[in-house]
Amino acid sequence: MHEMSIAMAVVGQVEEAARAGGAHAVTSVRLQVGELAGVVPDALAFCFELACAGTVLEGAELVTESVTARARCGSCPGTWAVGMPPELCCPGCGRATDVELLSGRELEILSVRWEDGPAGAPTREPIPEEA
Ligand SMILES: [Zn+2]
């Protein structure tokens with residue numbers, strides 16, 4: 001499952017940061033998830049809980065922040081919300097060439113909070129996609 005591998009990657013990254021920071025219990029993890037990242041939030045929350053079991057993250061809350069997918073037209077000044085499934089044809093001029101995706105593919109850890117206090121953002125590296 002796609003969400004499971006993402007959850008495992010998130011837990012792995014947070015565990016590493018928590019260990020480095022000397023934290024004993026992680027209370028919450030904020031994750032930025034783009035609309036086009038292909039992640040089902042409910043499935044991710046479920047997998048996250050499973051992946052956390054037996055780690056320093058056990059019982060941690062997963063807060064997902066969704067990012068609206070937007071695109072920019074190369075033929076006119078138009079920008080629009082792409083939506084899901086993505087609409088990559090410019091609503092302004094009707095062209096689908098030179099369309100640049102501005103946002104929507106984000107998948108990264110924004111911040112982690114643990115019992116010793118806010119830890120800030122130990123990493124903003126994109127989570128690797130499964131092979
Ligand atoms: Zn256009």
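Modeller: Before we look at single residues, a residue counts as buried when its relative accessible area is under 20%, as exposed when the figure is over 50%, and as partly exposed in between. Please also keep in mind that what we are reading is a predicted model.

Colleague: Then let me try that on one residue: is Arg72 buried, partly exposed or exposed?

Modeller: Arg72 has a relative accessible area of 37%, which makes this arginine partly exposed. For the chain as a whole, buried residues make up 38% of the 131 residues, and the accessible surface comes to about 7,300 Å², of which 52% belongs to carbon and sulfur atoms.

Colleague: How many helices and strands does the chain have, and in what order do the elements run?

Modeller: There are two helices and seven strands, and from the N terminus on they follow the order α-β-α-β-β-β-β-β-β. If you consider the contacts with a separation of 6 or more in sequence, 68% of them are accounted for by residues 24 or more positions apart.

Colleague: How should I read a helix, and what span does H1 reach from its first C-alpha to its last?

Modeller: The general idea is that an α-helix has 3.6 residues a turn, so residues three or four places apart point the same way. In this structure H1 has 20 residues and reaches 29 Å from its first C-alpha to its last, close to the 28 Å expected at 1.5 Å a residue. Among the buried residues of H1 are Ile6, Val10, Val14 and Ala17, and the buried residues of this helix pack against strand E1, helix H2 (41-52) and strand E6 (107-114). Just after H1, Gly22 takes a positive phi of about 70°.

Colleague: Let us go back to Arg72: with which residue does its side chain meet in a salt bridge?

Modeller: A salt bridge here requires a side-chain nitrogen of Lys or Arg within 4 Å of a carboxyl oxygen of Asp or Glu. The side chains of Arg72 and Glu100 fulfil this at 2.7 Å, N to O. The pair links distant parts of the chain, since Arg72 belongs to strand E3 (residues 70-72) and Glu100 to strand E5 (residues 100-103), 28 residues apart. Glu100, at 39% relative accessibility, counts as partly exposed.

Colleague: How many salt bridges does a search of the whole structure find?

Modeller: The search finds two. Besides the pair just described, Arg30 forms a salt bridge with Glu65, and there the closest N and O atoms are 2.3 Å apart. This pair, too, links distant parts of the chain, with Arg30 in strand E1 (residues 26-34) and Glu65 in strand E2 (residues 61-67), 35 residues apart. Arg30 is partly exposed, with a relative accessible area of 32%, and Glu65 counts as partly exposed at 32% relative accessibility.

Colleague: I see several cysteines; how many disulfides are found in the whole structure?

Modeller: In general, a disulfide is a covalent bond between the sulfur atoms of two cysteines. The search of the whole structure finds zero.

Colleague: Why does Cys89 not form a bond with the closest cysteine sulfur?

Modeller: The closest cysteine sulfur is in Cys90, 7.3 Å from the sulfur of Cys89, and this is too far for a bond, because a disulfide needs the two sulfur atoms within 2.5 Å. Cys89 is partly exposed, with a relative accessible area of 30%, whereas Cys90 is buried, with a relative accessible area of 3%.

Colleague: Which cysteines does the UniProt annotation "binding site" cover?

Modeller: According to the UniProt record, an unreviewed entry, that annotation covers Cys73, Cys76, Cys90 and Cys93. Although they are spread over 21 residues of sequence, they cluster in space, the largest C-alpha distance being 8.7 Å. Cys73 is found in the loop between E3 and strand E4 (79-81), and at 6% relative accessibility it counts as buried. Cys90 lies in the loop between E4 and E5.

Colleague: Which residues are in contact with Cys73, leaving aside its neighbours within four places in sequence?

Modeller: With those neighbours left aside, Cys73 is in contact with Gly78, Trp80, Cys90, Cys93 and Asp98. Cys90, with residues up to four places away not counted, touches Cys73, Cys76, Trp80 and Arg95.

Colleague: Where does His2 lie, the residue that UniProt also lists for "binding site"?

Modeller: His2, listed in the unreviewed UniProt entry, lies in helix H1 (residues 2-21), and at 22% relative accessibility this histidine counts as partly exposed.

Technical notes: Residues numbered from 1 in each chain as written. Predicted model: local features only at pLDDT ≥ 70, side-chain atom pairs only at ≥ 80, totals over all residues. Heavy atoms only, no water. Buried < 20%, exposed > 50% of the residue type's maximum accessible area, 1.4 Å probe, protein only. Helix = DSSP H or I, 4+ residues; strand = E, 2+ residues; numbered from the N terminus. UniProt positions renumbered as here; feature names shortened; annotations may be inferred. Contact = heavy atoms within 4.5 Å. Expected span 1.5 Å × (residues − 1). Areas by Shrake-Rupley, 256 points an atom, 1.4 Å probe, with all protein chains shown as cover.
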